[in-house]
Amino acid sequence: MLDFFTIFSKGGIVLWCFQGAGVTQSFTGPVNALIRSVILQERSGNNSFTHDALTLKYKLDNEFELLFVVGFQKILTLTYVDKLIDDIQLHFRDRYKNELVQKGALKFLNHSFQFENDFIKLLREAEYSSKARSPAHMRTFKESEKSQKTVKSMIETKGGDKGKDQGGKKNKNTKKEAELEKAEQHKSSFSVQKTVENGNQGLTSEEIMQKNREKFFSKRMVTTAVKPSKSPKPQKPRGKKMRVWAIGGTSAENLDYSERNGDGSANDGDQEAQSDPSMQLSSMEGDLLSVDYDSSEEEEMDEERVVVSETSKPNSKKSGGFGGMFGMLKGLVGSKNLTREDMESVLEKMKDHLIAKNVAADISAQLCDSVAKKLEGKVMGTFTTVASTVKQALQDSLVHILQPKRRVDILRDVMEAQSQRRPFVITFCGVNGVGKSTNLAKISFWLIENGFTVLIAACDTFRAGAVEQLRTHQRRLNSLHPPERHGGRPMVQLYEKGYGKDAAGIAMEAIAYARNQAFDVVLVDTAGRMQDNAPLMTALAKLIAVNMPDLVLFVGEALVGNEAVDQLVKFNQALADHSMSDRPRLIDGIVLTKFDTIDDKVGAAISMTYITGQPIVFVGTGQTYNDLRNLNARAVVSALMKA
């Protein structure tokens, strides 16, 4: 039933393996895929992984740095696999504990682990226990009691049941009548001593006076509550005070820039870009700068103290002064194995913190589960707290997630395309209003600064003003890099066919034009579309499938939280569904825009990278062409973990 079972160290040394009877295919491919896609990417929150026709289940042993992996066909439903992995982990640890304590590659290589007999025994026990717990088979009609009854017996039984029911009803009625009689007798005896309803017969004079007093006081209280209170005197409304802005001018004439530029010269539309000081941009030649975020060590220490104090509050309530000191020492001193219960409160606070920083709720839970599995059973260091250990593990996981599996070096790829005498094609896609055209212009400026010629394909034939926006960017970019400096050839050109045309056809014509005119890069601007709009998603999938761009970039806002997950999942799903090949072309990278508007709520970067596994290639940090950065994983994580 099992295809394979293997035990190996985190260093990659296989300690023992088992291959099922009749299985000839090597299991190195699925295991390597598990390591590459799950273990190294910090996605071990779920203990199951699917690769082609196989389902792999795994368990981490953090104390001895081991992995236990079992593989079987995914069409099978094996209920005993989880129990089998747990039993084998405990049995293997107990049997080879002395050898596992002496960690080291040479120790593992020199020692042979004979575990096959124990494995077969545990496998049979697990299979037998699953069979014993299997549901009972349904009885046939002949085995049931109903098959033994005849029609006559069924009729007689039915009549007898009716009689019994009637008798039972009579018995019930007689009981009810007896109870009613007893209640009436009790009422009559009680009425002799006390009054009947709505009367004062039988009451003494003192009781009648007391009753009247209560009625009087209750009426008095109601009347006083109903009486309206005196309304306060109306206050005179305060007059509106004029707000004085700190950066405001003293006169309207100084604020009027309609007739002159910032330097005092007359406004000339032809020389707008050259005379505007804001357009005198710094050079962006070479690689982009990284996003920086200042986080001092004092802030990190303060945050850690807050987390430790919060986790120690429940213990301090239960015990006194000496008990609180002992509890604090117990929490600090290491050399103990971490359990899930020890980390539960800290992980819950960490999950709430991530959600507050704009990380999607599902991804926050998966990250915390992954950290718990990574630390469970691990031996803590001396004088380290649980909170600091969990926080450090979460930081390492987040940095690992943000660092790309593959480096996207656009400048190198453009040079390689130049050697093949073809243009390098980048397609931009995303929802409405995230800044696709603006960031396309920023990337154009960066490419021009590095000496590449750019052709912009205006494939947004839906939104009014989309072509005019790109034409404005083209004019400004050419004014920053005049054709006279480059042999009379403009560095940026716009390829457009107006509105209402097929976007895939325009992109194909633009790529052919760029090949004939020897352009280095083609940037394809597409229309914004919501992820639920099926016709527009089909058109996007067609554009990508027909033209096969070198890079497909998803442009997303840094402001979104859970919506980022939905957008990326549905964009990838639409590209896969409407593709004409067995291996569809999905999103290759992410452009994160409006990063300057979110302060330290940078969780969208984690959500987007975690859900796609693709790197964040560019980060937009402002409105000018210079405001384009690379992602600095450690700076983003420090902003994310800041309290």
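On the surface of this predicted model, a nonpolar patch is formed by Met508, Val546 and Met580, which together offer about 320 Å² of accessible area. One member of this trio, Met580, sits in the loop that links α19 (562-577) with β11 (589-593). Met580 counts as exposed because its relative accessibility is 70%, and exposed residues are those over 50%.

From this loop, the chain can be followed into β11 and its surroundings. Together with helix α20 (residues 603-612) and β12, strand β11 makes up a β-α-β unit, and this unit is right-handed. The two strands of the unit, β11 and β12, run parallel and are joined by three bridges. Within this part of the structure, Val591 is found opposite Phe618 of β12. Strand β12 itself, covering residues 616-620, is mostly covered, with five of its five residues buried; buried here stands for under 20% relative accessible area. A helpful contrast is offered by Met580, which is exposed.

Strand β12 also has a partner in β13 (residues 628-629), to which two bridges join it; here the strands run antiparallel. Gly620 has Leu628 in β13 as its bridge partner. Thus β12 is joined to β11 in the parallel sense and to β13 in the antiparallel sense.

These pairings belong to a wider arrangement. An open sheet is formed by eight strands, and a walk across it meets them in the order β8-β7-β9-β6-β10-β11-β12-β13, with mixed pairing. At its edges stand β8 (492-495) and β13; each has a single partner strand, so each is left with one side that has no neighbour in the sheet.

Another open sheet is built from five strands, arranged in the order β2-β1-β5-β4-β3, and its pairing is antiparallel. The edge strands here are β2 (14-19) and β3 (48-51), each of which pairs on one side only. On average, and with direction ignored, neighbouring strands of this sheet are turned by 20 degrees against each other. At the β3 edge, the pairing can be viewed in more detail: four bridges connect β3 with strand β4 (residues 54-61) in the antiparallel sense. Here Ser48 stands opposite Lys57, a residue of β4.

Taken together, the model shows an open sheet of five strands with antiparallel pairing and an open sheet of eight strands with mixed pairing. The loop carrying Met580 leads back to the starting point, as it lies between α19 and β11, and β11 is one of the strands in the eight-stranded sheet.

How values were computed: Residues numbered from 1 in each chain as written. Predicted model: local features only at pLDDT ≥ 70, side-chain atom pairs only at ≥ 80, totals over all residues. Heavy atoms only, no water. Patch = residues over 30% accessible without salt bridge, like charges linked within 9 Å, V, L, I, M, F, W, Y side chains within 5 Å. Areas by Shrake-Rupley, 256 points an atom, 1.4 Å probe, with all protein chains shown as cover. Salt bridge = Lys/Arg side-chain N within 4 Å of Asp/Glu carboxyl O. Buried < 20%, exposed > 50% of the residue type's maximum accessible area, 1.4 Å probe, protein only. Pairing = 2+ DSSP bridges. Right-handed = clockwise from strand over helix to strand, strands pointing away. Axes fitted to C-alpha atoms, helices over the stretch in contact; angles between N-to-C directions.
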